[in-house]
Amino acid sequence: MIKRIAHIGIAVRELESAQEVFQTLLNLRPSHVERVEEQKVDVSSFHVDDTNLELTAGISEESPISKFIEKRGEGIHHMAFEVDDIHAELARLKEAGVRLIDEEPRMGADNFLVAFIHPKSAGGVLVELCQKAG
Ligand code: ZN
């Protein structure tokens, strides 16, 4: 079951300058900054109501974010929906013929288990499912 839009991921080239842009835009300071080694990214989150805007910058050329920016430029990268049971949701979607990028969840930022769904099965949008771990 979907609980909320957990965050919207925005791909940026350079975290500090993007942070300044969004700090002015939202009149907020980032609530959380983290390096996620597994995905080779730095993430800066702005908490807006019950959702976060996650500015995400690659820390190496192999980072999926760096590759995305190379192809499509900066901008909205993905939408994340928090679910109550990520394993059950992945099983349900697989059963429904939805193309999954991750058949098994992995560790993401901020202690969330995450799994991505292919944009070809989601109206051209990269969709992430996430569930708070532990
Ligand atoms: Zn995300």
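## Exercises on a zinc-bound predicted model

In sequence, the residues that donate to the zinc ion follow the spacing H-x70-H-x49-E. The structure is a predicted model, and the exercises below treat its zinc site, its overall form and several individual residues.

**Exercise 1. Identify which protein atoms are donors of the zinc ion, and state which strands hold the two histidines.**

*Solution.*
Step 1. A donor must be an N, O or S atom within 2.8 Å of the zinc ion.
Step 2. The protein atoms concerned are NE2 of His-7, NE2 of His-78 and OE of Glu-128, at 1.9 to 2.1 Å from the metal.
Step 3. His-7 belongs to strand β1 (residues 2–11) and His-78 to strand β5 (residues 75–83), so this pair ties together parts that are 71 residues apart in sequence.
Step 4. Both His-7 and His-78 are buried. Water is not among the atoms, so the site may look incomplete.

**Exercise 2. Describe the fold pattern and determine why the protein counts as being as compact as a globular protein of its length.**

*Solution.*
Step 1. The secondary structure consists of three helices and eight strands.
Step 2. Along the sequence these elements run β-α-β-β-β-α-β-α-β-β-β.
Step 3. The globule rule gives 14 Å for 134 residues, and the radius of gyration of the protein is 15 Å, close to that value; the protein is therefore as compact as a globular protein of that length.
Step 4. The C-alpha trace spans about 45 × 30 × 25 Å along its principal axes.
Step 5. Of the contacts with a separation of 6 or more, 51% join residues 24 or more positions apart.

**Exercise 3. Characterise the surface and the charges of the protein.**

*Solution.*
Step 1. Buried residues amount to 43% of the 134 residues.
Step 2. The protein exposes about 7800 Å², of which carbon and sulfur atoms supply 51%.
Step 3. There are 15 positive and 24 negative side chains, and the centres of the two sets are 5 Å apart.

**Exercise 4. Locate His-32 and list its contacts beyond four places in sequence.**

*Solution.*
Step 1. His-32 is part of strand β2 (residues 32–36).
Step 2. Its relative accessibility is 28%, so His-32 counts as partly exposed.
Step 3. With neighbours within four places set aside, His-32 is in contact with Val-43, Ser-44, Ser-45 and Asp-110.
Step 4. Between the C-alpha atoms of His-32 and Phe-46 there are 7.2 Å, although these residues are 14 positions apart along the chain.

**Exercise 5. Classify Lys-40 and Asp-49 by backbone angle, loop and exposure.**

*Solution.*
Step 1. Lys-40 is not a glycine, yet its phi is positive, at about 55°. Asp-49, also not a glycine, has a positive phi of about 55°.
Step 2. Lys-40 sits in the loop between β2 and β3 (41–48), and Asp-49 in the loop between β3 and β4 (51–58).
Step 3. The class "exposed" requires a relative accessible area over 50%, and "buried" one under 20%.
Step 4. Lys-40, at 34% relative accessibility, is therefore partly exposed, whereas Asp-49, with a relative accessible area of 71%, is exposed.

**Exercise 6. Place Glu-16 in the secondary structure and give its C-alpha distance to Ala-91.**

*Solution.*
Step 1. Glu-16 falls within helix α1 (residues 15–26).
Step 2. At 56% relative accessibility, Glu-16 counts as exposed.
Step 3. Glu-16 and Ala-91 are separated by 75 residues in sequence, and their C-alpha atoms by 39 Å in space.

Methods. Residues numbered from 1 in each chain as written. Predicted model: local features only at pLDDT ≥ 70, side-chain atom pairs only at ≥ 80, totals over all residues. Heavy atoms only, no water. Rg over C-alpha atoms; globule rule 2.2 N^0.38 Å. Buried < 20%, exposed > 50% of the residue type's maximum accessible area, 1.4 Å probe, protein only. Contact = heavy atoms within 4.5 Å. Areas by Shrake-Rupley, 256 points an atom, 1.4 Å probe, with all protein chains shown as cover. Lys, Arg positive; Asp, Glu negative; His and termini not counted. Charge placed at Lys NZ, Arg CZ, Asp CG, Glu CD. Donors = N, O, S within 2.8 Å, 3.2 Å for Na, K, Ca; no water.
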